[in-house]
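Reader: I'm new to looking at protein models and I'd love a close look at one part of this one. Could you pick a spot on the surface, walk me through it, and then show me something from the inside to set beside it?

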Amino acid sequence: MPYHRADTSAQADKLSGIVEESDLYEGFAPHVETSEIKTLDFYNQPKPTGKEPALRSYTEIQQLLQLGKKHIVKSILRENSWPINSPIRSQLWPTLCAQHLTKQNMLDGFYWEMVHQVFGTTELSEKPIMLPAFVDATHCLPYHLTATGRAVADRIVNVLGYDCPDITYSPVLYPITSLLLHFMSEEEAYLCLAGLVGSKEKTFINQTKLQHEVTWKTVMQIAKKHAKSAVAYFQRICPGQKLERVFMDWCWWILAGLPFQHLVRIMDCYFHEGIKVLYRIALVILNLFHKECQSNNEWSPDNIKNDIGNALIKFCKKIPVSPAKLLHAAFSIRGLSTQYISRIFIKTEMLLKSRSVLNSGSKQLIKSRSSDNLPTSQSQVNIQMMSHTLTIREHFGLPGTTNFIKTWTDRQFLFTLWSWLPVRITMYQPVLLYTTEEHGCSLTTFYVRVEQHEPTLLMIKTCNNEVFGAYCSSRWFERNVKDDKGQRQAYFGTGETFLFSLYPERAKYPWVGIEGDRDLGHSSELFMAADSKMITIGGGEGQAIWMDENIRFGKTDRCKTFNNPPLCPSGDFEIRVLEVYGFVGI
């Protein structure tokens, strides 16, 4: 039976001001395992005396938002400790997130149309769904979702990735999705995420690796001022460890560490105010942990010095304060204004970007400007496009498979390959330029069909079923370009070129000069070479890939340019299929 927030409208207002009872689960969606959720106040606080102000209703908050009184709403959200099972959140959370929605033209049924477009059906698959590359597989936190709830979360994240191709790295997106699904339907959760991701005024969810790094470094800088004693204590008890390693996981103190009751109350405020709420919570956690370290042997220096980050998460799991006290402490921190946080954030971001420019320096033609090297969500579409023309279809040599893209493992191979491409390239649709199965085994035909395209992706399948290849950054036509003396250059290409192996080993072999500025010599820059008799990729004491003019035989050796092992065990190989892909629109 579908879950609609309208069904709980009356309950939301009715229960928003009453004392919580352990047998009430009206506030949770059907895909939640409620038996594990503690609905009683486990801090054994005294019963209400009747003098406390009544909890505010959804209708009151909705009216205030309609009048533009967001500041009053902020105070209400901070102060009203609605029960964990209160149905108010089935309406409150979608309304709070809707404030930030920029795509106001989303029509009814938009989400389900997207689901059908991505999956070909609106039925929920019983098989696992491959998650987008921006998801952190180690932190797909389901909280109290059932197996069906987890499958719904997987589907939402996939559709969001398809609709928002600019998301390249967002580890917290999945846990936020899971939390939303505890109190609302699938479609409502998607619309909430669309609002959080698309917000222009406030930051809720980081969407790139740069934003992720800037954020944890911002938390670290703020902590040095607002949790000074805690930071100094950590540095003192483990002087050999870098402080950065502690703060890189700051968001998991909250999302993976805190009890569910605390997390839900934090989300009440977060969906209205943004990520700064999490900053404040992180500071309180640091100060509380430092205080406990002084009085509790469980957190003595000897017990935590080897892994402070893990100790912090364990501490959060049994944090010694109630959700109300945690929030009160967080919002009592002075001098932590939005303007101050923004200043720190922008300064950190500029510093990281300047370092990136300095590191690339004189290698602008050699080193990829793509820093993340992660596939965007648009890659999923483009991989599907590639799969329709891929003639290397026999599951990279494994028997019993005739349709490449329809198996989980096959799709994994393609996503792995796509994750190695520069991010800007994954945004373009691949097109099959040349395949020996259709265009014949001729180097002349190869050049006619391929030489004007840049970049190109070569995939070789041998008669022994090995699969490997190369991403070639320059046009093959450059074999004809002459130098100042009128002579053709032997080698061409840039350091964005790389080798890869997909079967039986899966590995990427980038240019050896991609890191560091030391002079590696001429032999380390032998990227591509070609003439009427052969094609070569990689050089220096061997050729990584060499093919003859008939595109029938080849060999592979270790080479200095990529420091790769031979891409197939025997070194020599017979070509079963060669395919070359270009990218439309570049």
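Author: Let's start with a term: a patch here is made of residues with over 30% relative accessible area and no salt bridge, and nonpolar side chains are joined into one within 5 Å. Keep in mind that this is a predicted model. In it, Met427, Tyr428 and Ile586 form a nonpolar patch on the surface, and together they have about 250 Å² of accessible area. Zoom in on Met427, which sits in the loop between α21 (423–426) and β1 (429–435). Its relative accessible area is 32%, so Met427 counts as partly exposed.

Now for the inside. Ile545 lies in strand β8, which covers residues 545–548. Buried means under 20% relative accessible area, and Ile545 has just 1%, so Ile545 is buried. Who's around it? Leaving out residues up to four places away in sequence, Ile545 touches Ile460, Phe468, Gly469, Ala470, Leu499, Ile535, Thr536, Ile537, Lys555 and Leu567. You can also look at Asp557: it is 12 residues from Ile545 along the chain, and their C-alpha atoms are 7.2 Å apart.

Stepping back, the chain has 23 helices and 10 strands. Of its 586 residues, 54% are buried. Take the contacts between residues at least 6 apart in sequence: 73% of them join residues at least 24 apart. As for the outside, the accessible surface of the chain is about 27,400 Å², and carbon and sulfur atoms account for 50% of that.

Definitions and conventions
Residues are numbered from 1 along each chain as its sequence is written. This is a predicted model: local features need pLDDT of at least 70, side-chain atom pairs count only at pLDDT 80 or more; totals for chains, interfaces and linings use all residues. Side-chain values use heavy atoms; hydrogens and water are left out. Helices (H or I, at least four residues) and strands (E, at least two) are DSSP runs, numbered from the N terminus. Buried means under 20% relative accessible area, exposed over 50%, partly exposed in between (1.4 Å probe, protein chains only). Contact means heavy atoms within 4.5 Å. Accessible areas come from the Shrake-Rupley method with a 1.4 Å probe; for residues, only the protein chains shown count as cover. Patches are made of residues with over 30% relative accessible area and no salt bridge: like charges are joined within 9 Å, nonpolar side chains (Val, Leu, Ile, Met, Phe, Trp, Tyr) within 5 Å. A salt bridge is a side-chain nitrogen of Lys or Arg within 4 Å of a carboxyl oxygen of Asp or Glu.
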